[in-house]
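Work through the exercises below with the sequence and the model open. Try each task before reading its solution.

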Amino acid sequence: MAADVSRGSDPSRTPPLENERSEARGLTPALSLNGVDAFYGDGHVLHGVSLTVGEGRLLGLIGRNGAGKTTCMNVAVGLLPPRAGRVAVFGADITRAAPEEIAAHGVALVPQGRRVFRSLTVRENLSVAARRPKGRAFWTADTVFDMFPRLNERRNHPAALLSGGEQQMLAIGRALMANPRLLLMDEPSEGLAPQIVAEVGRTIARLKGDGLSIVLVEQNIRLTLDLADDIVVLNSGSVVFAGAARDVRMDDAVIAQHLGVH
């Protein structure tokens, strides 16, 4: 059972996630942050953050605005080196690694706000991100177009002319072109119409079903709980809850306590 933080238990004593128990059995996690402190200038943003993503599992990383979720993503991809703690992907220490080195380990990011190359066509956006790691090449422009037929219809259109939902599809497709083993997704449903959010959710479920390890940062709590195997809640840069998503689904008090959602 997940720790009942809502009843005043010490969050530092929460039991391990299922994927941490897998680690204890000898399986290498896809991503681990251990005691990570991170700063923007003099601003101390992350305070001893520890989390683990099991290989082939989806971790939902949730919290209020400013809780430190995006900072965790930036640390994981090397955009913000931690001042303390350790970061590892698939057993490799990447604490001080450059972003391109981390990408070579099989990590890709779908950034918040999409950030597509607006002057490039859809196909060009995909081509510039293409990477074929030895032994795990799968995603090509054609397979991305198979997943997102609307992108195929607009393959020669500049990204600036796409709708918000289409740009999100392109951002996901661009990350997949790196053929990652670990996909970090930062607010993929932000600003999208409900029907497009549902489509994004189906896409994430398919990727998870294909065995991809995923970290999902989302303000859409119900979408996250529907998709996640495990949940970590951040508050003011600290982990205040860690547990199985199934336990959170059965205990709305956890979400009400830490996110104010009923």
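A pocket is an open set of points on a 1 Å grid over the protein atoms alone, with protein on both sides within 12 Å along at least five of seven lines, where a 1.4 Å probe fits; lining residues have an atom within 4 Å of a point. Grid points are joined across faces, edges and corners, and a volume is the space filled by probe spheres set on the points. The model is predicted: local features need pLDDT of at least 70, side-chain atom pairs count only at pLDDT 80 or more, and totals for chains, interfaces and linings use all residues. Residues are numbered from 1 along each chain as its sequence is written, and side-chain values use heavy atoms, with hydrogens and water left out.

**Exercise 1. Describe the largest pocket and its lining.**

Step 1. The volume of the largest pocket is about 440 Å³.

Step 2. Of its 16 lining residues, V77, A103, V107, A108 and L109 are the closest to the centre.

Step 3. Helices (H or I, at least four residues) and strands (E, at least two) are DSSP runs, numbered from the N terminus. Two or more lining residues come from each of helix 3 (99-104), strand 6 and helix 7. Helix 3 gives the most, with four residues.

**Exercise 2. Work out the strand order of the open sheet of six strands, and find what packs on the sheet.**

Step 1. Two strands pair if DSSP finds at least two bridges between them. The order is 6-7-8-3-9-10, and the pairing is mixed.

Step 2. Strand 6 and strand 10 (238-244) are the edges, since each pairs on one side only.

Step 3. Inside the sheet, strand 3 (residues 58-63) pairs with strand 8 (residues 213-217) in the parallel sense, over four bridges. There, L61 stands opposite V217.

Step 4. Contact means heavy atoms within 4.5 Å. Angles run from 0 to 180 degrees between N-to-C directions, and axes are lines fitted to C-alpha atoms, for helices over the stretch in contact. Helix 2 (residues 69-76) packs on the sheet, and its direction makes about 150 degrees with that of strand 7. Helix 7 also packs on the sheet, touching strand 6 and strand 7, and its direction makes about 170 degrees with that of strand 6.

**Exercise 3. Compare the end-to-end distance of helix 7 with its expected span, then decide how enclosed helix 7 is.**

Step 1. The expected span of a helix is 1.5 Å times one less than its number of residues. For the 13 residues of helix 7 (residues 164-176) this gives 18 Å. The end C-alpha atoms are 19 Å apart, which agrees.

Step 2. Buried means under 20% relative accessible area, exposed over 50%, and partly exposed in between (1.4 Å probe, protein chains only). Because 12 of the 13 residues are buried, helix 7 is largely enclosed by the rest of the structure.

Step 3. The buried residues of helix 7 pack against several elements, including helix 4 (122-129), helix 5 (141-147) and helix 8 (194-209).

**Exercise 4. Is A245 buried or exposed, and which residues does A245 contact?**

Step 1. A245 is found in helix 10 (residues 245-249).

Step 2. The relative accessible area of A245 is 0%, so A245 is buried.

Step 3. Leaving aside neighbours within four places in sequence, A245 is in contact with L225, A228, D229, D230 and I231.

Step 4. A245 and D229 are 16 residues apart in sequence, with their C-alpha atoms 5.4 Å apart in space.
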